[in-house]
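Please look through the sequence and the model below before reading on. The paragraphs that follow move from the chain as a whole to a pair of helices, and then to two individual residues.

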Amino acid sequence: DEMAVPLAVVGVLGGAILYKCYFSSKNPHLAKLEEIQRSIQRGYLTGPSDDRLQTALMDMDHLLNDVLISKGIGSPTGTLGGRLKEIQLEGKHPAIIKSLRAAHHIRNKIAHGERNEVSKSDLETSIKSLENGIIRLTS
């Protein structure tokens, strides 16, 4: 179930460890993930904001949905929550799916106007979960 992910630490800013994955050139989903990672890193250079992190979380959540659709999981018109539930019911990647469902829940709070209930720590944890899940489910 678990596999090594080719990540490298590229720096530490504001207590956050910045990573870069190294295999996106062959995969459009991973290329998009790297683009989002770069936007987060640029944000830490100019001072991280919750708005920037919320945008990154929304982008990663959308990217995860695209990854699952490309793998034929769920109906193309279905929801990400439904796709994650389908994978969970199959018993595949239980720890990853649990963290992805938690991240998607945070995304839903933001999307449905409950931004004040989401802490910066929630955002950072959710972004890390989505990064990990996208990389593992793409490979």
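Of the 139 residues that make up the chain, 37% count as buried, and it should be kept in mind throughout that this is a predicted model. The chain exposes about 7600 Å², and carbon and sulfur atoms supply 53% of that area. Among the contacts in the chain with a separation of 6 or more, 54% are accounted for by residues that lie 24 or more positions apart.

In terms of secondary structure, the chain has five helices and two strands. Followed along the sequence, these elements give the pattern β-β-α-α-α-α-α, with the two strands placed ahead of the helices.

Two of these helices can be considered as a pair. Two packed helices are described by the angle between their axes and by the distance between the axes. For helix 2, which covers residues 50–70, and helix 3, which covers residues 80–90, the axes come within 10 Å and cross at roughly 55 degrees. Helix 2 is therefore oblique to helix 3, since an angle counts as oblique when it falls outside the ranges for roughly parallel, roughly perpendicular and roughly antiparallel. The crossing of helix 2 and helix 3 is left-handed.

Which residues in helix 2 and helix 3 meet? From helix 2 come Asp61, Leu64, Asn65, Leu68 and Ile69, and from helix 3 come Leu80, Arg83, Leu84 and Ile87. The residues of this contact between helix 2 and helix 3 divide into six nonpolar, one polar and two charged.

Beyond helix 3, the chain enters the loop that lies between helix 3 and helix 4 (94–111), and this loop is the place of His93. Although His93 is not a glycine, it has a positive phi of about 50 degrees. The relative accessibility of His93 is 22%, so His93 counts as partly exposed, given that the partly exposed class lies between the limit of under 20% for buried and that of over 50% for exposed.

The last residue to consider is Lys109, which is found in helix 4. Is Lys109 buried or exposed? Lys109 is buried, because its relative accessible area is 19% and the cut-off for a buried residue is under 20%. When residues up to four places away in sequence are not counted, Lys109 touches Glu114, Arg115, Glu117 and Val118.

How values were computed
Residues are numbered from 1 along each chain as its sequence is written. This is a predicted model: local features need pLDDT of at least 70, side-chain atom pairs count only at pLDDT 80 or more; totals for chains, interfaces and linings use all residues. Side-chain values use heavy atoms; hydrogens and water are left out. Axes are lines fitted to C-alpha atoms, for helices over the stretch in contact, and angles run from 0 to 180 degrees between N-to-C directions. Helices (H or I, at least four residues) and strands (E, at least two) are DSSP runs, numbered from the N terminus. Angles under 35 degrees count as roughly parallel, over 145 as roughly antiparallel, 65 to 115 as roughly perpendicular and the rest as oblique. A crossing is left-handed if the near helix is turned anticlockwise from the far one by less than a right angle, and right-handed if clockwise. Contact means heavy atoms within 4.5 Å. Ala, Val, Leu, Ile, Met, Phe, Trp, Tyr, Cys and Pro count as nonpolar, Asp, Glu, Lys and Arg as charged, and the others, Gly among them, as polar. Buried means under 20% relative accessible area, exposed over 50%, partly exposed in between (1.4 Å probe, protein chains only). Accessible areas come from the Shrake-Rupley method with a 1.4 Å probe; for residues, only the protein chains shown count as cover.
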